[in-house]
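Me: Could you take a close look at one part of this model for me? I'd like to hear about the barrel and what sits inside and around it.

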Amino acid sequence: MVLARVQGTVVSTHKSEHLTGLTLLLLEKLDPQTMKGKKDYVVGIDSVGANVGEVVFYTGGSSARMTEVTKGKPSDATIIAIVDSIESDGKLVYRKGGPDGEQ
């Protein structure tokens, strides 16, 4: 699993019929210690209802096709969780909706 922040949406009018109806989101990988973006991006299929600004976990490779939303779909990145909080070395580094969170 990879930690990332949803930076935006991706719209594609011409695509494989297997992707019709799926939400595509632009994800920026995060440094879990600082919660700063790494300027490394990927487009992922949303399987959990994530929104722009939220911190999420996504999975890649064959694991990306193991959710109910992505079974049999041409996916190499799927959002599988929305993060509520992250603690590292006994210190809270992120809390959704908190002073360190952006939601």
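Reply: Here is a walk through the barrel, its cores and a few residues beyond them. Keep in mind that this is a predicted model.

Start with the sheet itself. Five strands close into a barrel in the order E1-E2-E3-E5-E4, and the pairing is mixed. On average, neighbouring strands in this sheet are turned by 55 degrees against each other, direction ignored.

E1 makes a handy entry point. This strand covers residues 2-10 and runs antiparallel to E4, residues 55-60, with four bridges joining the two. Val-2 is part of that seam, and its bridge partner in E4 is Tyr-58. E1 is also joined to E2, residues 24-30, by six bridges, again antiparallel. Along that seam you'll find Arg-5 standing opposite Glu-28 of E2.

Now for the packing. The largest nonpolar core is made of nine residues: Ala-4, Val-6, Leu-25, Leu-27, Ala-50, Val-56, Tyr-58, Ala-77 and Ile-79. At least two of these residues come from each of E1, E2, E4 and E5, the last being the strand at 77-82. So Tyr-58 turns up twice in this story: as the bridge partner of Val-2 and as a member of the nine-residue core. If you want one residue to zoom in on, try Val-56. Leaving aside residues up to four places away in sequence, Val-56 touches Val-2, Leu-3, Ala-4, Val-6, Leu-27, Ala-50, Ile-79, Ala-81, Ile-82 and Val-83. There is also a second, separate core of eight residues, with Leu-30, Val-55, Val-83 and Val-93 among them.

Val-93 leads on to Ser-88. Ser-88 lies in strand E6, residues 85-88, and touches Gln-33 and Val-93, again not counting residues up to four places away in sequence. Ser-88 counts as buried because its relative accessible area is 13%, under the 20% cut-off.

Finally, a couple of backbone oddities. Most residues other than glycine have a negative phi. Met-35, though, has a phi near 60 degrees, a positive value, and belongs to the loop between E2 and E3. Lys-39 also has a positive phi, near 60 degrees, but its place is in strand E3. Their surroundings are worth checking on screen: Met-35 is buried, with a relative accessible area of 10%, whereas Lys-39 is exposed at 66%.

Conventions
Residues numbered from 1 in each chain as written. Predicted model: local features only at pLDDT ≥ 70, side-chain atom pairs only at ≥ 80, totals over all residues. Heavy atoms only, no water. Pairing = 2+ DSSP bridges. Axes fitted to C-alpha atoms, helices over the stretch in contact; angles between N-to-C directions. Core = buried A, V, L, I, M, F, W, Y, C linked by side-chain atoms within 4.5 Å. Buried < 20%, exposed > 50% of the residue type's maximum accessible area, 1.4 Å probe, protein only. Contact = heavy atoms within 4.5 Å.
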